[in-house]
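I opened this model to look up a few surface features and charged contacts, and I am keeping the entries in the order in which I checked them.

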Amino acid sequence: MELLALKTFLAVVDEGSMLLAADKLNTVQSNVTARIKKLEKNLGIELFYREGKSLSLTPSGRMLIEYAQQMIKLEQQVVSL
């Protein structure tokens with residue numbers, strides 16, 4: 001699992017959409033969508049319910065938020081050593 005995928009996931013959660021997350025991450029929407037789909041495939045779970053352009057978190061997605069935040073925080077601590 002890549003930390004970039006977790007950062008992308010958290011950006012989508014924070015922004016509420018793939019497009020706004022792409023803007024926040026200075027990338028294109030297709031990259032965000034691809035990273036989320038790859039993360040879902042690697043984990044074997046759906047993270048978001050998709051209804052048209054609307055996204056909402058699945059129970060698994062809600063659980064991943066805290067773990068992703070902890071992993072990003074650990075990365076930042078390691079980098080600052």
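Entry one, the surface. I began with Leu43, which I found in helix H3, the helix that runs over residues 29-43. I keep in mind throughout that this is a predicted model. I then asked how far Leu43 is open to solvent, and I noted it as partly exposed because its relative accessibility is 30%. Looking around Leu43, I found that it joins Met1 and Met71 in a nonpolar surface patch of about 260 Å².

Entry two, the largest pocket. I looked up its volume, which comes to about 210 Å³. Which residues line the largest pocket? I listed Ser17, Met18, Leu19, Gln29, Thr33, Lys37, Arg50, Gly52, Lys53 and Leu55. Sorting this lining by character, I wrote down 3 nonpolar, 4 polar and 3 charged residues. I also checked where the lining comes from, and noted that helix H2 (18-24) and H3 each supply at least two residues, with the largest share, 3 residues, coming from H3.

Entry three, salt bridges. I recorded that the structure holds 5 salt bridges, and I followed several of them up one by one.

The side chains of Glu2 and Lys38 form one of these, at 3.7 Å from N to O. Glu2 sits in the segment before helix H1 (3-15) and Lys38 in helix H3, so this pair ties together parts that are 36 residues apart in sequence. I looked up the exposure of both partners, and found Glu2 partly exposed with a relative accessible area of 47%, and Lys38 likewise partly exposed with 46%.

Next I turned to Glu75 and Lys7, whose side chains meet in a salt bridge at 3.1 Å, N to O. What does this pair tie together? Glu75 belongs to helix H4 (residues 59-79) and Lys7 to helix H1, so the contact links parts that are 68 residues apart in sequence. For Glu75 I noted a relative accessible area of 23%, which counts as partly exposed, and for Lys7 a value of 34%, also partly exposed.

Last, I checked Glu15 and Lys24, and found their side chains meeting in a salt bridge of 3.7 Å, N to O. Glu15 is partly exposed at 32% relative accessibility, and Lys24 is partly exposed at 44%. I added to this entry that Glu15 and Lys24 are linked with Asp14 in a network of salt bridges.

Terms used. Residues are numbered from 1 along each chain as its sequence is written. This is a predicted model: local features need pLDDT of at least 70, side-chain atom pairs count only at pLDDT 80 or more; totals for chains, interfaces and linings use all residues. Side-chain values use heavy atoms; hydrogens and water are left out. Patches are made of residues with over 30% relative accessible area and no salt bridge: like charges are joined within 9 Å, nonpolar side chains (Val, Leu, Ile, Met, Phe, Trp, Tyr) within 5 Å. Accessible areas come from the Shrake-Rupley method with a 1.4 Å probe; for residues, only the protein chains shown count as cover. A salt bridge is a side-chain nitrogen of Lys or Arg within 4 Å of a carboxyl oxygen of Asp or Glu. Helices (H or I, at least four residues) and strands (E, at least two) are DSSP runs, numbered from the N terminus. Buried means under 20% relative accessible area, exposed over 50%, partly exposed in between (1.4 Å probe, protein chains only). On a 1 Å grid over the protein atoms alone, a cavity is a set of points where a 1.4 Å probe fits but cannot get out, and a pocket is an open set with protein on both sides within 12 Å along at least five of seven lines; lining residues have an atom within 4 Å of a point. Grid points are joined across faces, edges and corners, and a volume is the space filled by probe spheres set on the points. Ala, Val, Leu, Ile, Met, Phe, Trp, Tyr, Cys and Pro count as nonpolar, Asp, Glu, Lys and Arg as charged, and the others, Gly among them, as polar.
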